[in-house]
Every structure is written in structure tokens, then in C-alpha cells.
Amino acid sequence: QVQLVESGGGLVQAGGSLRLSCAASGRTFSSYAMGWFRQAPGKEREVVAAISWSGGNTYYADSGKGRFTISRDNAKNTVYLHMNSLKPEATAVYYCAADDYSGSYYGYLTANSAYDYWGQGTQVTVSS
């Protein structure tokens, strides 16, 4: 079992930055692939970024490439999402997710259905 708690969301002006954190419980965090997803009102949940268990592979949705960075600190059982140059369309609830997947396949790591554990979400609002 893994429990995930997100933090760091809030209100920011367009062009600003935020760093989301996801703290995980459990001693096997380092063996879990992690993902950040988001869901805007009236829209389906979509992937934002994902990182393999080792941290050696990262993937980004086109909407965040070049502006978002996913990273993990296995010593702190935490995964981060740094978001720069935020746009109003980034407004959504952001969720952290974990799965005990040991591979690095893009198609798996970026799929909603692949993840077994989810946090409660943190709201990000970008004002124009």
C-alpha cells in the first residue's frame, strides 16, 4: 500500500511558477513509477508528466514540455513537479499517482489506467 499526499498548489498569475510536491508513505517508494496528472472542470484527467522508478526516464505532455520538470527524491519519498511560465489553461486539480512498474515504457507510464495509487489532489489556479 502506498499513500500519497500532494501539496504546493495555489493561485498564481500567468507567467508565474509553482512547485508541487507529493509525499509518499511506505518503504518501497524507490521502486514505484510516479506520475502527475490533472483534471480541469468538464474535462477528462490527463497526464502532465511521469518518471520511472529510477528517475532515469521522464516523460511530459506537449503542454508542459520545456516548462515543467518532474523529479524525485527517493531519500525523502517525494516526487516534485516544477511548473514555470504557467498559463491559464493549466488551471486544474493536480494528482500524484504511483505504480510498482519497473519498466520505462512511455505508453505505460503516461496512462491513467496504469496507476494503482492516487493522491487526493491539489488545486492549481492560474489567473490571466
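Reader: Leaving aside its neighbours within four places in sequence, which residues is Asn77 in contact with?

Author: Keep in mind that we're reading a predicted model here. Once sequence neighbours within four places are set aside, Asn77 has contacts with Cys22, Ala23, Ala24, Ser25, Gly26 and Phe29. As for its own place, Asn77 sits in the loop between β7 (68–73) and β8.

Reader: Is Asn77 buried or exposed?

Author: The cut-off you need is 20%: under that relative accessible area, a residue counts as buried. Asn77 has 19%, so it goes down as buried.

Reader: And what about the backbone of Asn77, say its phi?

Author: General idea to start with: most residues other than glycine have a negative phi. Asn77 isn't a glycine, yet its phi is positive, near 55°. Ser85 is another case, with a positive phi of about 50° although it is not a glycine either.

Reader: Where does Ser85 lie, and how exposed is it?

Author: You'll find Ser85 in the loop between β8 and β9. With a relative accessible area of 39%, Ser85 is partly exposed.

Reader: Gly26 turned up among the contacts of Asn77. Where is the place of Gly26?

Author: Look in the loop between β3 and β4. Gly26 is partly exposed, its relative accessible area being 35%. For a sense of distance, take Gly121: it is 95 residues from Gly26 along the chain, and their C-alpha atoms are separated by 19 Å.

Reader: Cys22 was on that list as well. What does a disulfide join Cys22 to?

Author: The idea in brief: a disulfide is a covalent bond between the sulfur atoms of two cysteines. In this model a search of the whole structure turns up one disulfide, and it joins Cys22 to Cys96, with 2.1 Å from S to S. Cys22 belongs to strand β3 (residues 18–24) and Cys96 to strand β9 (residues 92–99), so the pair ties together parts that are 74 residues apart in sequence.

Reader: What is the handedness of the link of Cys22 and Cys96?

Author: Check the angle about the S-S bond: at -75°, the link is left-handed. Both partners, Cys22 and Cys96, are buried.

Reader: Let's go to Val79. Which strand is Val79 found in?

Author: Val79 is in strand β8 (residues 78–83). Its relative accessible area is 0%, so Val79 is buried. Beyond its neighbours within four places in sequence, Val79 has contacts that include both disulfide cysteines, Cys22 and Cys96. Also among them are Leu20, Ser21, Phe29, Met34, Trp36, Ile51 and Ile70.

Reader: How do I set distance in sequence against distance in space for Val79 and Ser21?

Author: Put the two numbers side by side. Val79 and Ser21 are 58 residues apart along the chain, while their C-alpha atoms are separated by 5.9 Å. Now try Ala40 with Ser21: 19 residues apart in sequence and 19 Å apart in space, C-alpha to C-alpha.

Reader: Where does Ala40 lie, and what does it touch?

Author: Ala40 is in the loop between β4 (33–39) and β5 (46–51). Not counting residues up to four places away in sequence, Ala40 touches Thr91 and Ala92. Its relative accessible area is 18%, so Ala40 is buried too.

Reader: Time to zoom out. How many helices and strands are there in the protein?

Author: One helix and eleven strands. Read along the sequence, the pattern is β-β-β-β-β-β-β-β-β-α-β-β.

Reader: What share of the contacts in the protein with a separation of 6 or more comes from residues 24 or more positions apart?

Author: That share is 61%. As for burial, 46% of the 128 residues are buried.

Reader: How do I read the radius of gyration of the protein?

Author: Set it against what a compact globule would have. With 128 residues that comes to near 14 Å, and the protein has 13 Å, which agrees. Along its principal axes, the C-alpha trace spans about 40 × 25 × 25 Å.

Reader: And what does the accessible surface of the protein come to?

Author: About 6400 Å², with 46% of that belonging to carbon and sulfur atoms. On charge, there are 10 positive and 9 negative ones, and their mean positions are 7 Å apart.

Conventions: Residues numbered from 1 in each chain as written. Predicted model: local features only at pLDDT ≥ 70, side-chain atom pairs only at ≥ 80, totals over all residues. Heavy atoms only, no water. Helix = DSSP H or I, 4+ residues; strand = E, 2+ residues; numbered from the N terminus. Rg over C-alpha atoms; globule rule 2.2 N^0.38 Å. Buried < 20%, exposed > 50% of the residue type's maximum accessible area, 1.4 Å probe, protein only. Contact = heavy atoms within 4.5 Å. Areas by Shrake-Rupley, 256 points an atom, 1.4 Å probe, with all protein chains shown as cover. Lys, Arg positive; Asp, Glu negative; His and termini not counted. Charge placed at Lys NZ, Arg CZ, Asp CG, Glu CD. Disulfide = S-S within 2.5 Å.
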